[in-house]
Amino acid sequence: MSQVKTLSYGESIEKAGDTLSRFPLIPIRGTPLMSLIAENFDSIWAFRPDPTDLLIATYPKAGTTWTQEIVDLLYHNGDAEMCKRAPTPTRSPFLEIFSPKPIPSGLDLLETMDPPRMIKTHLPIQLVPPGFWENKCKVIYVARNAKDNLVSYYHFDRMNKTQPEPGPWEGYIPKFMRGELAWGSWYGHVKGYWEEREKRNILYIFYEDMKENPRREVERIMRYLNLSLPDEAISRIVELTTFKSMKENPMANYSCIPNVIFDHSVSPFMRKGEVGDWQNSFTAEQSQLFDEDYEKQMKGANIPFRTLI
Ligand code: PPS
């Protein structure tokens, strides 16, 4: 058996130790991606999913982990113990992630699993491997309003020691606006999936809706997956996926990733989980400049984002 399969995810990261660094971004068809992802992009593009596989797609920090947990619980009838069988990135591999060996890549992990698999991606729609569309896989896209998404990404880039240094907050906002962060433009990302949602049967949901009425959104996801769970199982899922429950759940809070990658003392992965937290970071002037640019970049898109609920 290879070393990849005998080490836990966390142990493999500890072993990779010195080879980890803040990887530079390299553009793939105009989208900046971490260098190891860019260098391996051909094998990512060639990935052939099973028709029963589910893709959970998001711009980074839009509610991926939350949705992964909801889906896993739906697949397992709300069985909390079953959903603690492994940490999130093992239960639901990250399609395009490549890290120094012996950390398994997303493709390595997927190879060891039987379908139906729950696959995470941050790729913009034009970079999603064509096999997903050819096999008519279901896709859940989670979108979060730009300002909260940006604040969350800023704190994540501070604590994730494999992504480029975020630098000071005031310089980070224009980088986001110009689409220079890892996985590129938020604006292009949310619009790309929105425009294709009907043609490609994508379930497009919003972080703010999940916060406002989690039960309604859990039921929406359940129906999309053609599942039908009893009321008490749905209530359990809502309870198990509150911010507080997930923050305390070692299999959902990313404490599985050692400090050499995620330094939770800089900023916890489960940071605040709120709508409107952007108001604590943006000055009035920053907010106005951001809004003016937003109007231009989102002109005609008509995506019903809410920055407050
Ligand atoms: S990643 O790294 O892209 O997969 O991150 P992602 O999971 O997409 O986003 C992380 C943010 O989602 C918040 N989060 C939640 N909010 C509400 N309820 C639940 N259950 C929940 N789980 C995760 C997490 O706290 C990050 O947002 P911020 O604003 O930074 O707190």
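Helices (H or I, at least four residues) and strands (E, at least two) are DSSP runs, numbered from the N terminus. This is a predicted model, in which local features need pLDDT of at least 70 and side-chain atom pairs count only at pLDDT 80 or more, while totals for chains, interfaces and linings use all residues. Residues are numbered from 1 along each chain as its sequence is written, and side-chain values use heavy atoms, with hydrogens and water left out.

**View 1. Meet P116, a loop residue between α7 and β4.** Look for P116 in the loop that links α7 (106–111) to β4 (118–121). P116 has a relative accessible area of 52%, so it counts as exposed (over 50%, with a 1.4 Å probe and protein chains only). Leaving aside residues up to four places away in sequence, P116 touches T52 and D53 (contact means heavy atoms within 4.5 Å). The C-alpha atoms of P116 and L54 are 7.1 Å apart, although 62 residues separate the two along the chain.

**View 2. The shell around the ligand.** Here 22 residues surround the ligand, each with a heavy atom within 4 Å of it. The closest are T64, T65, S152, Y207 and K272. Helix α5 (64–75) is one of the elements that supply at least two shell residues, and its three residues are the largest share.

**View 3. Polar atoms beside the ligand.** These pairs are polar contacts, meaning N or O atoms within 3.5 Å. A polar side-chain atom of H122 lies 3.0 Å from a ligand oxygen. A polar backbone atom of T241 is 2.9 Å from a ligand nitrogen.

Terms used: Buried < 20%, exposed > 50% of the residue type's maximum accessible area, 1.4 Å probe, protein only. Polar contact = N/O pair within 3.5 Å; in protein donor to acceptor, adjacent residues only side chain to side chain.
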